[in-house]
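Here is a short briefing on one protein chain. Look over the sequence and the model first, then read on.

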Amino acid sequence: MYPQAQIQLCIVHMVHNSLKYYKAITTDLKQVYRSSTEDEAFLELERFG
């Protein structure tokens with residue numbers, strides 16, 4: 001139906017391909033969970049999003 005669609009069917013390859021973004025994401029998320037206050041954490045979470 002959608003011949004140009006790229007769908008990853010193998011869960012192993014899907015996880016492997018998503019891990020290349022892991023380091024960048026966790027680096028940014030550290031700012032959220034290392035925040036000293038809840039308000040600061042919410043601000044960092046908004047920035048992350």
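**Fold and overall picture**

From the N terminus on, the elements of the protein run α-α-α. The count is three helices and zero strands. The model is predicted, with an average pLDDT of 82.

**Confidence**

- Of the residues, 96% score at least 70 in pLDDT.
- Helix H3, residues 38–48, has the highest mean pLDDT among the elements, at 92.
- Helix H1, residues 11–19, has the lowest, at 76.
- Where pLDDT is low, the predicted coordinates should not be read in detail.

**Dimensions and surface**

- Along the principal axes, the C-alpha atoms fill a box of roughly 50 × 20 × 15 Å.
- The protein has 49 residues, and 8% of them count as buried.
- The exposed area is about 4900 Å². Carbon and sulfur atoms supply 60% of that area.
- The protein carries 5 positive and 6 negative charges. The mean positions of the two sets are 17 Å apart.

**Helix H1 and the nonpolar patch**

- A nonpolar patch of about 600 Å² lies on the surface.
- Its makers are Ile11, Val12, Met14, Val15, Leu19 and Tyr22.
- H1 gives the largest share of the patch, with five residues.
- Val15, one of the patch residues, sits in helix H1.
- Val15 has a relative accessible area of 40%, so it is partly exposed.

**Helix H2 and the loop after it**

- Helix H2 spans residues 22–33.
- Ala24 is placed in helix H2. Its relative accessible area is 48%, so Ala24 counts as partly exposed.
- Thr37 belongs to the loop between helix H2 and H3.
- Thr37 is also partly exposed, because its relative accessible area is 42%.
- Ala24 and Thr37 are 13 residues apart along the chain. Their C-alpha atoms are separated by 23 Å.

**Helix H3 and the salt bridge**

- How many salt bridges does the structure hold? The structure holds one.
- The partners are Arg47 and Glu44. Their closest N and O atoms are 2.9 Å apart.
- Both residues are in helix H3, three residues apart, so about one helical turn separates Arg47 from Glu44.
- Is Glu44 buried or exposed? Glu44 has 19% relative accessibility and therefore counts as buried. The cut-off for buried is under 20%.
- Glu46 is in helix H3 as well. At 60% relative accessibility, Glu46 counts as exposed, because the cut-off for exposed is over 50%.

**Distances along the chain**

- How far apart in space are Thr37 and Leu9, C-alpha to C-alpha? The separation is 41 Å, for 28 residues along the chain.
- Glu46 and His13 are 33 residues apart in sequence. In space, their C-alpha atoms are 30 Å apart.

**Points to keep in view**

- The chain is built from three helices, with zero strands.
- Helix H1 supplies five residues of the nonpolar patch, yet has the lowest mean pLDDT among the elements.
- Helix H3 has the highest mean pLDDT and holds both Arg47 and Glu44.

Technical notes. Residues numbered from 1 in each chain as written. Predicted model: local features only at pLDDT ≥ 70, side-chain atom pairs only at ≥ 80, totals over all residues. Heavy atoms only, no water. pLDDT = per-residue confidence, 0-100. Helix = DSSP H or I, 4+ residues; strand = E, 2+ residues; numbered from the N terminus. Buried < 20%, exposed > 50% of the residue type's maximum accessible area, 1.4 Å probe, protein only. Areas by Shrake-Rupley, 256 points an atom, 1.4 Å probe, with all protein chains shown as cover. Lys, Arg positive; Asp, Glu negative; His and termini not counted. Charge placed at Lys NZ, Arg CZ, Asp CG, Glu CD. Patch = residues over 30% accessible without salt bridge, like charges linked within 9 Å, V, L, I, M, F, W, Y side chains within 5 Å. Salt bridge = Lys/Arg side-chain N within 4 Å of Asp/Glu carboxyl O.
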